Amino acid sequence: MNTPACTDLKVLDLVPFGQTGGEARFFALRLERPQWADWKPGQFVMLRPAGWALDMLWARPFSICRISARDLVIFFRVVGRGTARLAQLRSGDVVHVWGPLGNAFAMEPDTPTLMLAGGIGIAPFIGYAHTHPKPWNLWMDFGHRMPLGCYPFESINEKIMADSHHEEGPEDLSRFIETMGRRMREFRDQNGLVLACGPTPFLRTVRSFALEYGVRTQLSLETRMACGVGACLGCVCRTTEQWPDPAGAGGNVQTCTRGPVFWAEQITFDDETAAPPTAADAPVQACER
Amino acid sequence: MNTPACTDLKVLDLVPFGQTGGEARFFALRLERPQWADWKPGQFVMLRPAGWALDMLWARPFSICRISARDLVIFFRVVGRGTARLAQLRSGDVVHVWGPLGNAFAMEPDTPTLMLAGGIGIAPFIGYAHTHPKPWNLWMDFGHRMPLGCYPFESINEKIMADSHHEEGPEDLSRFIETMGRRMREFRDQNGLVLACGPTPFLRTVRSFALEYGVRTQLSLETRMACGVGACLGCVCRTTEQWPDPAGAGGNVQTCTRGPVFWAEQITFDDETAAPPTAADAPVQACER
Amino acid sequence: MIDMHVTLPGGLHPLTLNNPVMTASGTFGYGVEFTPYGDLTKLGGIVVKGLSLAPRRGNPMPRVAETPCGMLNAVGLQNDGAEYFVRTTLPKLPWREVPIVANLYACDPGEFGELAAVLAAEEGVAALEVNISCPNVKEGGVIFGQDPRQAAKVTEAVKMRAGSKPVIVKLSPNVTDIAHMARAVEDAGADVLSCINTLTGMGVDINTRKPLLANVVGGLSGPAIKPVALRCVWQVAKAVSIPVIGIGGITSAEDVLEFLLVGAHAVQVGTANFIRPDFVFRLVDDLAALCERMGIEQWDDFRGTLKV
Amino acid sequence: MIDMHVTLPGGLHPLTLNNPVMTASGTFGYGVEFTPYGDLTKLGGIVVKGLSLAPRRGNPMPRVAETPCGMLNAVGLQNDGAEYFVRTTLPKLPWREVPIVANLYACDPGEFGELAAVLAAEEGVAALEVNISCPNVKEGGVIFGQDPRQAAKVTEAVKMRAGSKPVIVKLSPNVTDIAHMARAVEDAGADVLSCINTLTGMGVDINTRKPLLANVVGGLSGPAIKPVALRCVWQVAKAVSIPVIGIGGITSAEDVLEFLLVGAHAVQVGTANFIRPDFVFRLVDDLAALCERMGIEQWDDFRGTLKV
Ligand SMILES: Cc1cc2nc3c(=O)[nH]c(=O)nc-3n(C[C@H](O)[C@H](O)[C@H](O)COP(=O)(O)OP(=O)(O)OC[C@H]3O[C@@H](n4cnc5c(N)ncnc54)[C@H](O)[C@@H]3O)c2cc1C
Ligand SMILES: Cc1cc2nc3c(=O)[nH]c(=O)nc-3n(C[C@H](O)[C@H](O)[C@H](O)COP(=O)(O)OP(=O)(O)OC[C@H]3O[C@@H](n4cnc5c(N)ncnc54)[C@H](O)[C@@H]3O)c2cc1C
Ligand SMILES: Cc1cc2nc3c(=O)[nH]c(=O)nc-3n(C[C@H](O)[C@H](O)[C@H](O)COP(=O)(O)O)c2cc1C
Ligand SMILES: Cc1cc2nc3c(=O)[nH]c(=O)nc-3n(C[C@H](O)[C@H](O)[C@H](O)COP(=O)(O)O)c2cc1C
Ligand code: FES
Ligand code: FES
């Protein structure tokens with residue numbers, strides 16, 4: 001895997017999506033291009049603006065959408081204090097960035113691959129769709145609660161076959177869950193691969209379908225991260241007996257270094273005795289991760 | 001005395017003085033005009049930008065330079081973390097401001113009045129010179145270490161008779177002290193009034209001359225302030241037997257509410273067993289308060 | 001909409017507050033300093049600056065220093081004395097509309113008792129809060145609040161002379177086992193507990209090589225200590241059956257609810273008063289709005305409902 | 001220019017550090033995690049994540065939460081066990097160029113002794129640091145670090161099996177009298193003291209009504225606690241004659257000097273490693289530059305020179 005590095009990058013621009021003014025909650029953040037040799041879709045960066053006061057110590061993790069010759073792009077949603085401050089960045093501001101971090105989604109160009117994205121979980125799939133050598137083998141189902149224009153869906157839809165599902169009420173949600181189940185069975189029948197990224201309740205559903213239908217499925221987890229480099233042990237998830245390293249089975253592994261992408265059967269959500277008060281729990285953040 | 005109030009004011013602009021770019025350390029900050037009925041030169045405001053994170057809890061005290069029909073102006077020098085952050089304010093930013101606070105300099109239009117200013121201590125005298133009904137009775141001696149263009153000296157010099165004394169070496173300092181002594185004796189001989197504002201070592205000198213020569217002298221003290229309203233008791237100074245209220249003599253009184261202006265003989269600097277690590281002690285802040 | 005009033009049960013005259021938001025001793029002067037900035041009767045209660053029998057000049061300067069998300073103070077209990085307060089300041093306060101709590105500071109139990117008698121006799125004093133973070137000069141300077149037996153003695157001494165006025169004992173966090181301290185003062189007759197007082201801290205200036213406070217050590221307060229304060233309130237509320245007032249680092253309506261969630265009946269706001277002088281008045285409004293938004297209709301439905 | 005090396009006097013093999021800046025246990029993994037971000041041999045020393053005899057899974061999630069100028073953690077000492085560390089991780093570390101300090105965690109004195117024996121036997125382990133902020137399961141769960149006799153027992157147990165390796169005892173701030181604790185472990189044979197470990201704190205979410213940590217309470221660290229840490233180091237350095245390592249909230253070269261000023265020989269940097277992973281490497285450079293600027297030429301000229 002590529003060696004990560006920590007660098008200071010300037011903000012090129014911050015583009016609101018879907019809404020404007022004080023209302024805007026979705027943004028594409030473009031930073032100068034870092035000098036990294038390589039990266040893979042599914043990997044992420046830790047991001048901490050140089051101007052942040054010490055009242056907020058941690059950086060925040062974001063999936064890499066794209067690294068081009070000129071820029072590094074991430075896409076984020078404002079859900080709390082940190083992302084609210086990110087939304088105040090201006091061109092020229094300096095951001096400490098370390099990455100690329102974590103593993104990546106499996107990339108099997110000839111395998112029919114279904115991407116399941118929930119809300120802001122669409123972010124890593126932008127890079128995946130754009131770097132996939134055979135995009136005709138790629139499909140996406142995207143569930144979202146905010147208007148479609150809030151998300152970078154277009155940039156995926158123009159490359160591959162993508163369906164979007166607007167969840168406006170509980171019926172929409174059950175319809176979307178039904179669709180996911182059907183699609184996962186279809187891909188199992190083609191010996192396909194399923195990749196999922198979104199809020200934890202969504203991943204839970206995908207995982208249970210994966211196990212029930214026996215389809216090869218990877219999940220990109222979201223956990224709270226303090227360091228991003230495997231040192232703080234704050235981001236762990238619980239492994240199952242399927243974990244490849246027998247010594248680690250049933251133990252806790254760092255999502256930041258052993259993930260964020262895991263095979264569905266190798267980890268479990270069930271041991272979270274006291275589930276993290278994630279975005280999904282708080283009323284204002286009900287819809288997305 | 002006028003009743004203070006706490007309001008949110010927008011920044012109109014922030015004008016660097018003397019230096020430009022990252023170097024600038026002297027600024028005039030113009031805020032929207034507050035709805036205060038009245039104010040007097042020597043009074044001050046507490047200022048805390050709404051955008052400050054809680055890592056820095058306190059507001060900072062600054063002398064009122066001017067309140068016009070359109071604006072409230074203060075003049076400040078960057079000496080530490082708080083003032084460094086103030087220097088990053090941009091037009092439109094909101095600042096919590098409470099004031100006008102404290103007492104004021106004696107204003108005796110017919111008395112020959114000498115203003116002694118050290119460095120940024122010139123700030124309150126701008127308002128004093130501009131609101132004095134008989135400016136021909138006003139004189140100023142201004143000692144400074146940074147180039148004259150760093151200070152709003154011109155705006156005073158055009159109204160009244162003002163001399164500036166650039167301290168570039170130790171000899172300049174002793175010459176300035178000598179001048180102050182001579183001038184204070186001159187004003188004593190005219191039954192005049194002396195008003196001083198500047199760093200503590202400077203005020204100490206003025207105070208000892210005042211007592212030695214027997215000239216009516218007021219000092220505007222700088223102390224660290226947390227609240228500005230008399231509640232925290234963090235800004236006190238020690239009174240002498242000359243203090244008008246016998247119960248308070250030899251006690252500690254709040255500089256923010258009983259000052260910042262005191263008659264030289266009514267307070268003392270001598271009881272500061274462990275003198276505050278003021279600007280004057282730190283190498284980088286040697287010259288000004 | 002929620003009825004903001006809260007009654008601290010227990011005692012002969014239970015203390016009823018306009019709402020759970022009180023001001024913390026030493027951070028709100030005697031209340032009068034804040035009249036230009038808000039309506040005092042809007043507050044849940046006002047705890048005035050620590051009072052001693054004789055006037056005190058307090059510590060030399062410097063007495064305060066800013067720290068990351070907090071501050072240090074070593075004011076040294078400068079005050080005009082209880083007599084002066086009762087005679088001159090109390091009559092200026094709207095004590096019929098907002099409970100005024102006197103904060104007591106003394107250096108031995110006898111002195112505490114005398115002080116309690118002076119203050120409890122005043123109609124305008126709604127309750128007494130005992131600051132036990134002071135050294136017992138007669139017992140070699142051990143801090144009352146760090147020794148359960150000493151703390152109990154002070155509590156008894158105050159309680160004996162407090163008449164029907166509720167006695168609040170304010171706990172120090174600078175102990176190995178705060179629940180143990182809490183039980184000791186509860187057993188000694190305290191009607192209410194408040195916690196926490198400041199954490200002992202220190203700051204230095206590397207250029208002058210001097211401490212930031214003339215007193216060398218001082219009390220740390222502000223948002224920095226909120227996690228410690230929440231833990232203490234939670235431990236204390238579990239340990240005793242009398243009501244607890246939460247204090248430490250409150251700077252928002254959300255913070256107020258956090259303290260209620262771990263079991264506090266009310267809170268006191270200290271250092272946040274220095275963020276801006278109208279802070280606590282705005283906080284009362286914010287709290288009402290937050291309760292509305294969260295659908296909290298009764299304090300009893302929310303207090304101590306932490307799921308552990 | 002200053003020679004950055006510092007030797008902690010005492011013990012059979014005094015510990016010599018490349019410079020006073022070490023990393024704090026639990027915040028720098030096993031060191032290897034940081035090789036992409038800097039040269040480990042630049043550091044004064046590396047204290048690795050707490051090790052126990054048997055591997056430990058640690059606490060359930062969530063384990064960490066951000067607080068004002070700090071964070072809470074209740075990781076629960078997840079680690080692969082001392083054996084695994086010694087066999088697999090230690091060989092990857094540049095232990096000839098930078099002292100590696102093993103941090104020990106156990107639940108009774110006997111276990112502490114065994115653990116010490118395993119680790120002290122390794123050439124690559126320069127010193128042992130004893131984490132006494134754990135409950136003594138055999139004695140009803142009292143925290144070793146909150147009881148001087150228990151702390152002394154652990155110190156003796158480790159010292160007995162540590163051979164010639166210096167034994168550092170890491171003190172908890174959650175006590176009434178830290179100087180008393182320090183003297184107790186000094187008398188029990190500790191070669192060096194390090195302080196402070198985290199303050200016990202807590203956080204809650206008012207929407208979910210749950211604690212922020214699955215463990216309910218956790219350890220508070222970061223700049224928020226620096227004033228408490230400085231006070232503890234100052235009190236401890238005055239109380240003992242063995243060297244002290246200062247820990248708590250360090251985020252700048254100025255902070256490092258503050259700890260040296262109150263008497264520390266060296267420091268450990270913890271939570272700041274999460275601000276950015278190259279933090280501590282940059283700090284070493286910053287410290288050299290600051291000493292140059294301030295004209296500090298020898299640590300001995302600066303250490304403990306606070307004017308009180
Ligand atoms: C590998 C990875 C990749 C991610 N990629 C993206 C991305 O591309 N775009 C994007 O918008 N978001 C992404 N996230 C989530 C993002 O990191 C969080 O939304 C962000 O850290 C929240 O910070 P905050 O300060 O605004 O929220 P806080 O104020 O800290 O918390 C607000 C709410 O968000 C929850 N929360 C806090 N941190 C996290 C976290 N790390 N993960 C999940 N929930 C959290 C809290 O529990 C709380 O309910 C990713 C997370 C991970 C772990
Ligand atoms: C009544 C009054 C009026 C003032 N008017 C002006 C003015 O018009 N223009 C102006 O530039 N400054 C004025 N000052 C001083 C100004 O308040 C301080 O320079 C400022 O608070 C420093 O904040 P900081 O965070 O930058 O410094 P810090 O980082 O807090 O400290 C930097 C250095 O400044 C010293 N310092 C900190 N606070 C104060 C303080 N309140 N007074 C003196 N020294 C301090 C510290 O000891 C330290 O050495 C006034 C002070 C008072 C009390
Ligand atoms: C400047 C200052 C003075 C204080 N004086 C007293 C006092 O006289 N009596 C007392 O019991 N507590 C005193 N305290 C402690 C506060 O009442 C409160 O317990 C503590 O500051 C924690 O709350 P906070 O974090 O909201 O400030 C003082 C605190 C400060 C900051
Ligand atoms: C995530 C985390 C894990 C920690 N794990 C340990 C540990 O295993 N052993 C130990 O002695 N201290 C541990 N600590 C305490 C630190 O070593 C240090 O004493 C404390 O964090 C204070 O320093 P700081 O403010 O610089 O972080 C841990 C701290 C954190 C934040
Ligand atoms: S975020 Fe620190 S170990 Fe993963
Ligand atoms: S600044 Fe608080 S009393 Fe003067």
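**Annotated residues of chain C, and one proline of chain D**

Let me begin with the surroundings of one cysteine. Setting aside residues up to four places away in sequence, C:Cys134 touches C:Tyr105, C:Ala106, C:Phe112, C:Val142, C:Ile143 and C:Phe144. I should say at once that this is a predicted model. The cysteine was chosen for its annotation: in an unreviewed entry, UniProt places the feature "active site" at C:Cys134. In chain C, this residue is found in the loop between β8 and β9, the latter covering residues 135–136. Is C:Cys134 buried or exposed? Its relative accessible area is 0%, so C:Cys134 is buried.

I turn now to a second annotation. Under "binding site", again in an unreviewed entry, UniProt lists C:Lys49, C:Asn73, C:Ala74, C:Val75, C:Gly76, C:Leu77, C:Asn131, C:Asn197 and C:Thr198. I shall discuss two of the asparagines.

The first to consider is C:Asn131. This residue belongs to strand β8 of chain C, which spans residues 127–131. Its relative accessibility is 9%, and because buried means under 20%, C:Asn131 counts as buried. Which residues does C:Asn131 touch, not counting those up to four places away in sequence? They are C:Asn103, C:Leu104, C:Tyr105, C:Phe112 and C:Asn197. Among them, C:Asn197 is also listed in the binding site annotation. C:Tyr105 and C:Phe112, which C:Asn131 touches, are likewise among the residues that C:Cys134 touches.

The other asparagine is C:Asn73, located in strand β6 of chain C, residues 70–73. With a relative accessible area of 26%, C:Asn73 is partly exposed. Not counting residues up to four places away in sequence, C:Asn73 touches C:Arg63, C:Val64, C:Thr198, C:Leu213, C:Gly218 and C:Gly219. One of these, C:Thr198, appears in the binding site list as well. In addition, the side chain of C:Asn73 reaches the backbone nitrogen of C:Val75 at 3.5 Å.

Finally, I move to chain D. D:Pro223 sits in the loop between β16 (217–221) and α5 (226–239) of that chain. This proline has a relative accessible area of 3% and is therefore buried. Which residues are in contact with D:Pro223, leaving aside its neighbours within four places in sequence? From chain A there are A:Leu54 and A:Leu57, from chain C there is C:Pro68, and from chain D itself there are D:Cys69, D:Gly249 and D:Thr251. Another residue of chain D, D:Met71, is 152 residues apart from D:Pro223 in sequence, and the two are 9.3 Å apart in space, C-alpha to C-alpha.

Technical notes: Residues numbered from 1 in each chain as written. Chains lettered and ligands numbered in written order. Predicted model: local features only at pLDDT ≥ 70, side-chain atom pairs only at ≥ 80, totals over all residues. Heavy atoms only, no water. UniProt positions renumbered as here; feature names shortened; annotations may be inferred. Helix = DSSP H or I, 4+ residues; strand = E, 2+ residues; numbered from the N terminus. Buried < 20%, exposed > 50% of the residue type's maximum accessible area, 1.4 Å probe, protein only. Contact = heavy atoms within 4.5 Å. Polar contact = N/O pair within 3.5 Å; in protein donor to acceptor, adjacent residues only side chain to side chain.
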